[in-house]
Amino acid sequence: QLQENQDEIENMMNAIFKGVFVHRYRDAIAEIRAICIEEIGIWMKMYSDAFLNDSYLKYVGWTMHDKQGEVRLKCLTALQGLYYNKELNSKLELFTSRFKDRIVSMTLDKEYDVAVQAIKLLTLVLQSSEEVLTAEDCENVYHLVYSAHRPVAVAAGEFLYKKLFSRRDAEDDGILKRRGRQSPNANLVKTLVFFFLESELHEHAAYLVDSMWDCATDLLKDWECMNSLLLEEPLNGEE
């Protein structure tokens, strides 16, 4: 009886989906399209066994091309809710490989709110699997730390920090108490400087620092480490 009830409920849900959602997700009115995408994101989160598969996810993927920013925004926030839950990652693999390029391109969206959420979504994708994003994908986000629009720069700064600076090696744990050149931050400071030099946007150092100020405060305020690096003789290749 329980099985029959469940089948009956799933048939009703399917009828509502095909009878309402499939028509309204491309409604002429943007607000209705946005509501549809927001709701399907909730269904996928609440009942992932039934709804979190590619036959439903594809609607979100297609709608990321919507001409209205508010609708594209709902796609990204719906996806963030799914990628945030690490238990759902395996069910998102095919979607990620299929629509990753679109998400990366949305980091340059003409609407800044959409660009910010696209970068935040990629940060979650990065945390779910390092292999998914290619070096080229990451570089497309990295250069946004120099964006004149601060929320975009801050989101990119967090992405950069998670990718390049947030992992500590096991051996670093043993030298957490060391200071100056020997401190674990020394290598991170050097990495940041090399990143800046390779960016070839030398006059914009303030943008880079500002973009990472919130997520990497401890690193950027480690004056003792920076002083040591400046005062000690440079190692080979560190001039």
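## Close-up views

**View A. Val193 lies in helix α11, a DSSP run of H or I with at least four residues (strands are E runs of at least two), numbered from the N terminus.** Helix α11 covers residues 184–199 and also holds Phe194. The model shown here is predicted: local features need pLDDT of at least 70, side-chain atom pairs count only at pLDDT 80 or more, and totals for chains, interfaces and linings use all residues. Residues are numbered from 1 along each chain as its sequence is written, and side-chain values use heavy atoms, with hydrogens and water left out.

Val193 has a relative accessible area of 43%, so it is partly exposed (buried is under 20%, exposed over 50%, partly exposed in between; 1.4 Å probe, protein chains only). Phe194, at 41%, is likewise partly exposed. Together with Leu197, Val193 and Phe194 make up a nonpolar surface patch with about 260 Å² of accessible area. A patch takes residues with over 30% relative accessible area and no salt bridge, joining like charges within 9 Å and nonpolar side chains (Val, Leu, Ile, Met, Phe, Trp, Tyr) within 5 Å. The areas come from the Shrake-Rupley method with a 1.4 Å probe, and for residues only the protein chains shown count as cover. To get your bearings, look for Ser183: its C-alpha is 18 Å from that of Phe194, with their positions 11 residues apart in sequence.

**View B. Ser228 sits in helix α14, which spans residues 223–231.** Is Ser228 buried or exposed? With a relative accessible area of 17%, Ser228 is buried. Measure from its C-alpha to that of Val189 and you should get 11 Å, although the two residues are 39 apart in sequence.

**View C. A patch of negative charge on the surface brings together Glu4, Asp7, Glu8 and Glu10.** For the charges, Lys and Arg count as positive and Asp and Glu as negative, while His and the chain ends are not counted. Each charge is placed at NZ of Lys, CZ of Arg, CG of Asp or CD of Glu. Within this patch, Asp7 belongs to helix α1, residues 2–24. Its relative accessibility of 37% is why Asp7 counts as partly exposed.

**View D. Ring pairs join Phe17, Phe21, Tyr25, Trp43, Tyr47, Phe51, Tyr56, Tyr59 and Trp62 into one cluster.** Rings of Phe, Tyr and Trp (its six-membered ring) pair if their centres lie within 6.5 Å; planes under 30 degrees apart count as stacked, over 60 as edge-to-face and the rest as tilted. How many aromatic pairs does this rule give? The count is 16. In one of them, the ring centres of Phe17 and Tyr59 are 5.5 Å apart and the planes stand at 70 degrees, so this pair is edge-to-face. Phe17 comes from helix α1 and Tyr59 from helix α4 (residues 54–63), so the contact ties together parts 42 residues apart in sequence. Phe17 and Tyr59 are both buried.

Tyr47 and Phe51 give another pair to inspect, with centres 6.2 Å apart and planes at 80 degrees, so they are edge-to-face too. Here the two partners differ in cover: Tyr47 is partly exposed at 27% relative accessibility, whereas Phe51 is buried at 7%.

**View E. The whole structure contains eight salt bridges, and a few of them are picked out here.** The criterion is a side-chain nitrogen of Lys or Arg within 4 Å of a carboxyl oxygen of Asp or Glu. Arg24 pairs with Asp27, and their closest N and O atoms are 2.6 Å apart. Arg24 is partly exposed, at 36% relative accessible area, while Asp27 is buried, at 11%.

**View F. Lys100 and Asp137 meet in a salt bridge, at 2.9 Å from N to O.** Lys100 is in helix α6 (residues 93–105) and Asp137 in helix α8 (residues 135–142), so the bridge links parts 37 residues apart in sequence. Lys100 is buried, with a relative accessible area of 12%, and Asp137 counts as buried at 8%.

**View G. Glu158 and Lys162 form a salt bridge within helix α9, residues 150–165.** The closest N and O atoms of this pair are 3.3 Å apart. The two residues are four apart, about one turn of the helix. Glu158 is partly exposed at 34% relative accessibility, and Lys162 is partly exposed at 23%.
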